[in-house]
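Q: I am new to this structure. Please take a close look at a single part, and then show me what surrounds it.

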Amino acid sequence: MSILIGLDIGGTKTHGLRAEGGTVAQEAFGGSANVQNVSRDAAASVLAQVLAELGAADADVVVAGAGGVDTAADAEALRGLIAPHAGRARVVVVHDTRLVLAAGGCRTGIAVIAGTGSAAWGTAPGGREARAGGWGHLLGDEGSGYWMGRELVRRALARHDDGQAPDALDRAVLDRCGLAQPGGLIERFHTLPERGLWAGLSRVAFEAAAQDEDAMRLVDRTADALAELAATVSRRLALSGPVVVGGGLAVHQPLLRERLREAAARRGLGEVRVLDRAPVHGTLRLADQP
């Protein structure tokens, strides 16, 4: 019976599974092990914990998907953190968008990640591939939870600079951060740079969208940014879909799913499917990757 260890290494958490003979037997969770978000030592510690829980020492293959795996060197660096805990297993490392498409049961199509970060990847019949976004929070990640949280902070600070008193949306941001005045957001943002923390702030916009025009505009901008990532891949591959969306932001926010479908339709994209299972399940389909 073959043993597979699958890993989805996200910006907030690491989700692992153990499959025996193609059937999931166990799951495990840890903090982020993505070196874009945490130190190499911290990533190594999380991976050691998750792999030990899954009994990876007797695995035949480990398939790991992570954001920021853009080059062979990136993949080799992550492989180097996994291999010491994986016995003689073959270790396959891919960009995490590949997990999304595979988990959606698609061989071809466009995968979009809408979580702490954002990215799109697609593959067309014949094997052609294209990527868009996934540059990380310092360069992009438009449409991500972190980006939404930062935009809420920027809005509050801009209004403060303009001499305006905090409105309901600003107060919701301040309350979530435990602050009384917008000026405190500057120090808080720079001293607590954890991406997951600020990605969680995105919930403020969704909670306020029904009553606040600016909150709804931010949701629409988020949907447009994600749809544009998919459209960029679509143009390069001459492929309209399906578009498979994964990541906590899309999975947990119905309003975003609705707006994303509308934004995708405006760009001529095909069916938009939101994953009904965790992306890590895509590792089962990718285990035969060379």
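A: The answer below starts with the whole chain, turns to one helix, and then moves outward from there.

First, the ground rules. This is a predicted model, where local features need pLDDT of at least 70 and side-chain atom pairs count only at pLDDT 80 or more, while totals for chains, interfaces and linings use all residues. Residues are numbered from 1 along each chain as its sequence is written, and side-chain values use heavy atoms, with hydrogens and water left out.

Now the overall frame. The chain has twelve helices and ten strands. Helices (H or I, at least four residues) and strands (E, at least two) are DSSP runs, numbered from the N terminus. The radius of gyration is 20 Å, close to the 19 Å that the globule rule gives for 290 residues, so the chain is as compact as a globular protein of that length. That radius is taken over C-alpha atoms, and the rule is 2.2 Å times the number of residues to the power 0.38. Along the principal axes, the C-alpha atoms fill a box of roughly 65 × 40 × 30 Å. Of the 290 residues, 53% are buried. Buried means under 20% relative accessible area, exposed over 50%, and partly exposed in between (1.4 Å probe, protein chains only). Contacts tie distant stretches together: of those with a separation of 6 or more, 68% join residues 24 or more positions apart. A contact means heavy atoms within 4.5 Å.

The part to look at is helix α11. This helix covers residues 254-266, which is 13 residues. At 1.5 Å a residue they should span 18 Å, and the end C-alpha atoms are 19 Å apart, which agrees. The expected span is 1.5 Å times one less than the number of residues.

Which residues of α11 are buried? They are Leu256, Leu260, Ala263 and Ala264. These four cover an arc of only 100° around the axis, which puts them on the same side of α11. The arc is that of the directions from the helix axis to the C-beta atoms. On the other side of α11, Ala265 and Arg266 are exposed.

What does the buried side meet? The buried residues of α11 pack against three helices and two strands: α8 (202-208), α9 (213-237), α10 (248-252), β9 (243-246) and β10 (272-274).

Next, the exit from the helix. Just after α11, Gly268 takes a positive phi of about 75°. Gly270 sits in the loop between α11 and β10. With a relative accessible area of 29%, Gly270 is partly exposed. Gly270 and Leu139 are 131 residues apart in sequence, and their C-alpha atoms are 28 Å apart in space.

Two neighbours of α11, namely α8 and α9, lead on to another helix. The buried residues of α5 also pack against α8 and α9, along with α4, α6 (184-191) and α7 (195-200). Helix α5 spans residues 168-177, and its buried residues are Leu169, Asp170, Val173, Leu174 and Cys177. They cover an arc of only 140° around the axis, which puts them on the same side of α5. Ala168 and Asp175 are exposed on the face turned away from that side.

Follow Asp170 to α4. Its contact partner Arg159 is found in helix α4 (residues 145-161). Arg159 is buried, with a relative accessible area of 16%. Leaving aside neighbours within four places in sequence, Arg159 also touches Gln164, Ala165, Pro166 and Asp167.

Cys177 of α5 is buried too, at 12% relative accessible area. Cys106 counts as buried at 10%. The structure holds zero disulfides, a disulfide being a pair of cysteine sulfur atoms within 2.5 Å.

Last, the strands, for contrast with the helices. All six residues of β7 (residues 118-123) are buried. Both faces are covered: Ser118, Ala120 and Gly122 lie on one side, and Ala119, Trp121 and Thr123 on the other. Strand β6 (residues 109-114) pairs with β7 in the antiparallel sense over six bridges. Two strands pair if DSSP finds at least two bridges between them. Ile110 stands opposite Gly122, and a hairpin of three residues joins β6 to β7. Strand β8 (residues 129-133) pairs with β7 in the antiparallel sense over five bridges. There, Gly133 is the bridge partner of Ala119. Five residues lie between β7 and β8 in their hairpin, and Gly126 in the turn has a positive phi of about 100°.
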